[in-house]
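Thanks, everyone; I would like to spend a few minutes on one helix and what it packs against. Please have the structure open as we go.

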Amino acid sequence: MSKESETGDGKLKVLALHGYRQNADTFKAKLGSFRKFLNKYVEFVFISAPHTAAPLESGGESDPNQKSWWFNKEDRTFKGTNQGGPAYGFDESLRLVEKTWQTEGCHGLLGFSQGACFVGLLCDLSARGMTTMKPQFAVLASGFRSGSLVHLNYYENKIQIPSLHIFGETDEIIAKDMSESLSESFLDPEIVTHAGGHYFPAQSSLKETYVEFFRDQLQQHLEAKELQNATEANSFHIEEGPDVEVPHKHSESDSDSD
């Protein structure tokens, strides 16, 4: 059985993945207003990528606070528009995210920029049964499809979980059409655009859109959990009848579990 939320008050747990050159703390700070909108419904879990990004200037000193989930250029840097390159460090990041997901008992994913690209890959891996993670929904801001060679076959089938895609009309780092392309990997994506550039928007005009999306996901989660509990209770009731003889080969210890 999957681990329940540790919040204890009926909230969703969402694993949040930062962008290139960010980390858990800087991303958490940038999402301050967004998190306040959703405090009633969501607890966010922030983690830092395991790799340190290369210095901005050649020959400069690396900043240990600037992280990367993987590198898609031979010089071990990352650029969203790069095509046909490597994915150095991706597997290590995947293991970290999988471990955190299981430890925290998360329900959904949220990512920004490189983190949103990662979320798209994670959702595809989940759909193909190639990760232990089973996200119920995803939020992708300024996302894009990975151009790394090893990821090119990740976008062949539609991902069938609810998704919210957020991007700026004037984003000069990840162009609008790149984010649109990623959204097309999902079945019935919900799309929110803003007039700005490369950032996670949290203006009050978007509050209701965000609240409605997460409120719907929480409702679906609680309904599914209620149905699961009812099914389990009914199966136990059948086996507990005093006149029912349960064959040894189908003992309770042999029953399936999630």
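The buried residues of helix 3 (buried meaning under 20% relative accessible area, exposed over 50% and partly exposed in between, with a 1.4 Å probe and protein chains only) are Phe 90, Ser 93, Leu 94, Val 97, Glu 98, Thr 100 and Trp 101. Seen down the helix axis, these buried residues fall within an arc of 165 degrees, taken from the directions from the axis to the C-beta atoms, so they line one face of helix 3. On the other side of helix 3, Asp 91, Arg 95 and Lys 99 are exposed.

I should say that this is a predicted model, in which local features need pLDDT of at least 70 and side-chain atom pairs count only at pLDDT 80 or more, while totals for chains, interfaces and linings use all residues. Residues are numbered from 1 along each chain as its sequence is written, and side-chain values use heavy atoms, with hydrogens and water left out.

What does the buried face pack against? Its partners are strand 1 (12-17), strand 2 (42-47), strand 3 (51-52), strand 5 (108-112) and helix 4, where contact means heavy atoms within 4.5 Å, and helices (H or I, at least four residues) and strands (E, at least two) are DSSP runs numbered from the N terminus.

Turning to helix 4, Phe 90, Ser 93, Leu 94 and Val 97 of helix 3 meet Phe 118, Leu 121, Leu 122 and Leu 125 of helix 4.

Finally, helix 3 is followed by Gly 105, whose phi is positive, near 65 degrees.
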